[in-house]
Structures are given as C-alpha cells and as structure tokens.
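Q: Could you take a close look at how aromatic rings pair in this chain? Please connect the description to the surroundings of those rings and to the rest of the fold.

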Amino acid sequence: MSASPTAQVPSTAVAQLAAELEQATSPEALLRVVRALGALGQVEGIPYLIRAFGFNRPAVGEAALEEVLRFGELAVKPLLEQIDGFDYGARAYSVRALARIGHGDAYPFLVEAIVADFAPSVRRAAVRGLGRVVARRPVPDQERALVLLQQCLSDSDWGVRYAAVGSLTDLARSGEPLLRPQARAGIQTALDDADPLIPLRAQMSQQELAADP
C-alpha cells in the first residue's frame, strides 16, 4: 500500500497546486492549497488531497477530508488505492471518508480494518462505516457484518462499542429484512453496557428506529 498519488496525468491547474502542496511550509499555506484543490473540482486532484491526510496537521487533515467528501463516490477508488499502511493517522482519515461516503466497495477493507488494524481510531471509524456500506452488499456480507458488529459490542474499546451500536442501527433500518430483528437485539444488549455512554447511544437508536421503522 502506498500514500503516493496514483499515476494519473493531472491538469495544469492540478499539477501547479500539487507542486505548491509539496513546497508549502506552513499550515496556512497547506490549507490554502488544499482548499484550492477542492475548489477545482477535478478528480485528478483527489490523490493530492488524500496525500494531505498524512501531513500530521489536524486542521489540514480535516480540510482535506471535507474536500474529498465533496467528490462523493468518485473518491472511493483513489481512497482504496492510497490507503496508507504505515501512517495510522492518515489511514484513519481515509477510513472516515470511506465510512461517510458509504459505498459498498469499501466493505472488504472495512472488515479487514476492524479485524486486524492496531489503531483504535481506524477501528472505530471502520466499525461506524460498516453499517452504512453493508446494506449495499449481498446478504452473506450483511450476515458477516452482523456477526462482526455483535462481536464489537464486547470490544475493550468503548469507542468501538459505541460505533457498533450506530452501525447496528443502520442495519436494523436498511439491511436485509430477515436480519433486522438480530440487529435490534444487538442494540438491546448494548443497554446493559457498563459505560453509561453506550446505553445512552442504544436508547437513542431505539428511539430513532421507533420513529422511522
């Protein structure tokens, strides 16, 4: 896996901004270039926005995430191609983007991240994204996701458990109808979690599902 932009020929405008991105030495300059890349609206600029995830500047990373999300599903392929296998901070931004876009192609990567990634921030984002993407996958994938989310309810990281309740809510609302009762049962289980935030999230989920069955 590589964090380098993909080998797609950029337009003159994108190439100019890509060069400025490499030469920028201050957060302000990085932000200006990231916003300009997003404003161009050219898909050739997406790899450079993804590259900005790894600059270890939170404001720059958040801005790059916001700009990548503007491209919607057009950003899924470059995000998957440029997942950073070394920088977990950059990887977390990519997972957050994939989770929020909610495209089914992200499913295999999210499952792998939940099972194997060492970084809590990456696992939390992957768990939260799984419920959004899996409804667009075949039923066997939804069954696998349901089991995985049920297991996440026992994770030692409260953030993973919290995210699992959110994804179970997505499955209970939009997943395969035969699986929805099991997703609701998982949410019910979360009401007994020792961390007070988890039962609160479960109660909110139950209210959401009752209002939008």
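A: The answer below begins with the chain as a whole, moves to the aromatic rings, and then follows their surroundings outwards.

This is a predicted model, in which local features need a pLDDT of at least 70 and side-chain atom pairs count only at pLDDT 80 or more, while totals for chains, interfaces and linings use all residues. Residues are numbered from 1 along each chain as its sequence is written, and side-chain values use heavy atoms, with hydrogens and water left out.

The chain has 12 helices and zero strands, where helices (H or I, at least four residues) and strands (E, at least two) are DSSP runs numbered from the N terminus. Its radius of gyration, taken over C-alpha atoms, is 18 Å, close to the 17 Å that the globule rule (2.2 Å times the number of residues to the power 0.38) gives for 213 residues, so the chain is as compact as a globular protein of that length. Along the principal axes, the C-alpha atoms fill a box of roughly 55 × 30 × 30 Å. Of the 213 residues, 47% count as buried, meaning under 20% relative accessible area, with exposed being over 50% and partly exposed in between (1.4 Å probe, protein chains only).

Turning to the rings, there are three aromatic pairs, counted where the rings of Phe, Tyr and Trp (its six-membered ring) have centres within 6.5 Å; planes under 30 degrees apart are called stacked, those over 60 edge-to-face, and the rest tilted. One of them joins phenylalanine 53 and tyrosine 93, whose ring centres are 5.4 Å apart with planes at 25°, so this pair is stacked. Because phenylalanine 53 lies in the loop between helix H3 (46–51) and helix H4 (58–70) while tyrosine 93 belongs to helix H6 (residues 88–101), the pair ties together parts that are 40 residues apart in sequence. Both phenylalanine 53 and tyrosine 93 are buried.

Another pair, between tryptophan 158 and tyrosine 162, is edge-to-face, with 6.1 Å from centre to centre and 80° between the planes. These two residues are four apart in helix H10 (residues 158–174), and are therefore separated by about one helical turn. Tryptophan 158 counts as partly exposed at 41% relative accessibility, and tyrosine 162 is partly exposed as well, at 31%. Tyrosine 162 also has a charged neighbour: the charged end of arginine 201 sits over its ring, 6.0 Å from the centre, a description that requires NZ of Lys or CZ of Arg to be within 6 Å of the ring centre and within 35 degrees of the ring normal.

Phenylalanine 53 leads on to the interior. Together with Leu79 and Leu130, Phe53 has the most contacts inside the largest nonpolar core, which has 66 residues; such a core is a set of buried Ala, Val, Leu, Ile, Met, Phe, Trp, Tyr and Cys residues joined through side-chain atoms within 4.5 Å. In soluble globular proteins, nonpolar side chains tend to be buried together. Leaving aside residues up to four places away in sequence, leucine 130 touches (heavy atoms within 4.5 Å) several residues, among them Tyr107, Ile114, Leu148 and Ser167.

The loop that holds phenylalanine 53 is also the place of asparagine 56, whose phi is near 55°, a positive value in a residue other than glycine. Asparagine 56 is exposed, with a relative accessible area of 71%. Glutamine 82, by contrast, is buried at 2% and sits in the loop between helix H5 (76–81) and H6. The side chain of glutamine 82 reaches the backbone oxygen of proline 47 at 3.3 Å.

Helix H6, which carries tyrosine 93, also contains arginine 96. Arginine 96 is partly exposed at 30% relative accessible area, and its contacts, not counting residues up to four places away in sequence, are Glu62, Leu65 and Ala125.

Finally, aspartate 193 lies in the loop between helix H11 (180–190) and helix H12 (197–211) and counts as buried at 16% relative accessibility. A polar contact of 2.6 Å joins its side chain to that of arginine 161, the term meaning a pair of N or O atoms within 3.5 Å of which, within protein, one must be able to donate a hydrogen and the other to accept it, with residues adjacent in sequence counting only if both atoms are side-chain atoms.
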